[in-house]
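Here are my notes from a pass through this one, jotted down as numbered points. Have the viewer open while you read.

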Amino acid sequence: MAKWTLENLARTSEIMLGTTNDAVNAAVVAALIEKPEVPSNLINLAGRQRMLLQKMAKETILYSLFLSMGATEQAARNKKLSGETKVIFEETHDALLHGNEILPKTTNVCILQQMHVLWESFEPFREDIISVLNGDDSEKSMLEQKAALRRIDTDTEVNFRAMHKAVGW
């Protein structure tokens, strides 16, 4: 894949995600006004976790691809984005469990159990993300990244399903 094509893909993806997030946030605000009894923030943040898993995987893959092309500026940007996405996912997971200024503490046993299942499958995924982001462009590191990226590909879907199940309770 040409560097230009990959740069275009990364840029377009960010624009589309930003536009989608703006629309979702507007819908949440409207829902809070129209039906304040519905936990719109909770529903939004729980659902957003699924997107964050995919975003983290995408940014990690882009990091590795840009790194392999010698595009260090783009690699560094995606490394930073993936790290930020990981932190947002982890902080939101904690807030969904323990509550914060806008979310109540989760007390539903089924949801708590499913969030535990999610975290158990997220931990190896997170370790692979970190492993790729700590990699370099040496041949050994690129081979290790390739193996980790294959697991990330599989684990993104596993984690997505686990979070989807938690959202559905």
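1. Start with the salt bridge between Arg 126 and Glu 90, with N and O 3.2 Å apart. Arg 126 sits in helix H4 (residues 109-133) and Glu 90 in helix H3 (residues 72-98), so the pair ties together parts 36 residues apart in sequence. Bear in mind that this is a predicted model, so please read every distance here as a property of the prediction.

2. Are the two partners buried or exposed? Arg 126 has a relative accessible area of 16%, so it counts as buried. Glu 90 is at 18%, which puts it in the buried class as well. The cut-off for buried is under 20%.

3. That pair also belongs to something wider. Which residues are linked with Glu 90 and Arg 126 in a network of salt bridges? The other members are Lys 86, Glu 123 and Glu 127. For the whole model, the count comes to eleven salt bridges.

4. Next, look at Arg 151 and Asp 128. Their salt bridge has its closest N and O atoms 2.8 Å apart. Again the link joins distant parts of the chain, with Arg 151 in helix H5 (residues 139-167) and Asp 128 in helix H4, 23 residues apart. The partners differ in exposure: Asp 128 is buried, at 8% relative accessible area, whereas Arg 151 is partly exposed, at 41%.

5. Asp 155 is worth a stop. This residue lies in helix H5 and is buried, yet it has no salt bridge. Where is the nearest side chain of opposite charge? That is Arg 151, 5.9 Å away, and a salt bridge here needs the nitrogen within 4 Å of the carboxyl oxygen, so the pair does not qualify. Leaving out neighbours within four places in sequence, Asp 155 is in contact with Phe 125 and with Asp 128, the latter being the salt-bridge partner of Arg 151.

6. For a more local pair, go to Lys 3 and Glu 7. Their salt bridge has a closest N to O distance of 3.8 Å. The two are four residues apart in helix H1 (residues 3-34), which means about one helical turn separates them. Lys 3 counts as partly exposed because its relative accessibility is 39%.

7. Now the nonpolar core. Nonpolar side chains tend to be buried together in soluble globular proteins. In this model the largest nonpolar core has 35 residues, and Phe 89, Phe 125 and Met 163 touch the most other members. Each of H1, H2, H3, H4 and H5 supplies at least two residues of this core, and the largest share, eleven residues, comes from H2. One of those well-connected residues has come up already: Phe 125 is a contact of Asp 155.

8. What does Met 163 touch, once neighbours within four places in sequence are left aside? The contacts are Ala 46, Gln 49, Arg 50, Leu 53, Leu 96, Met 115 and Leu 118. Leu 96 turns up again as a contact of Thr 106, a residue in the loop between H3 and H4. Thr 106 also touches Leu 97, Ile 111 and Leu 112, not counting residues up to four places away. Although it is in a loop, Thr 106 has a relative accessible area of 13%, so it is classed as buried.

9. On the outside, Met 1, Leu 9 and Met 69 make a nonpolar surface patch of about 320 Å². Met 69 lies in helix H2 (residues 40-69) and is partly exposed, at 32% relative accessibility.

10. Finally, the overall picture. The protein has five helices and zero strands, running α-α-α-α-α from the N terminus. Its C-alpha atoms fill a box of roughly 55 × 30 × 25 Å along the principal axes. Of the 169 residues, 38% count as buried. Among contacts between residues at least 6 apart in sequence, 73% join residues at least 24 apart. The exposed area is about 9800 Å², of which carbon and sulfur atoms supply 59%.

Definitions and conventions
Residues numbered from 1 in each chain as written. Predicted model: local features only at pLDDT ≥ 70, side-chain atom pairs only at ≥ 80, totals over all residues. Heavy atoms only, no water. Patch = residues over 30% accessible without salt bridge, like charges linked within 9 Å, V, L, I, M, F, W, Y side chains within 5 Å. Areas by Shrake-Rupley, 256 points an atom, 1.4 Å probe, with all protein chains shown as cover. Buried < 20%, exposed > 50% of the residue type's maximum accessible area, 1.4 Å probe, protein only. Core = buried A, V, L, I, M, F, W, Y, C linked by side-chain atoms within 4.5 Å. Contact = heavy atoms within 4.5 Å. Lys, Arg positive; Asp, Glu negative; His and termini not counted.
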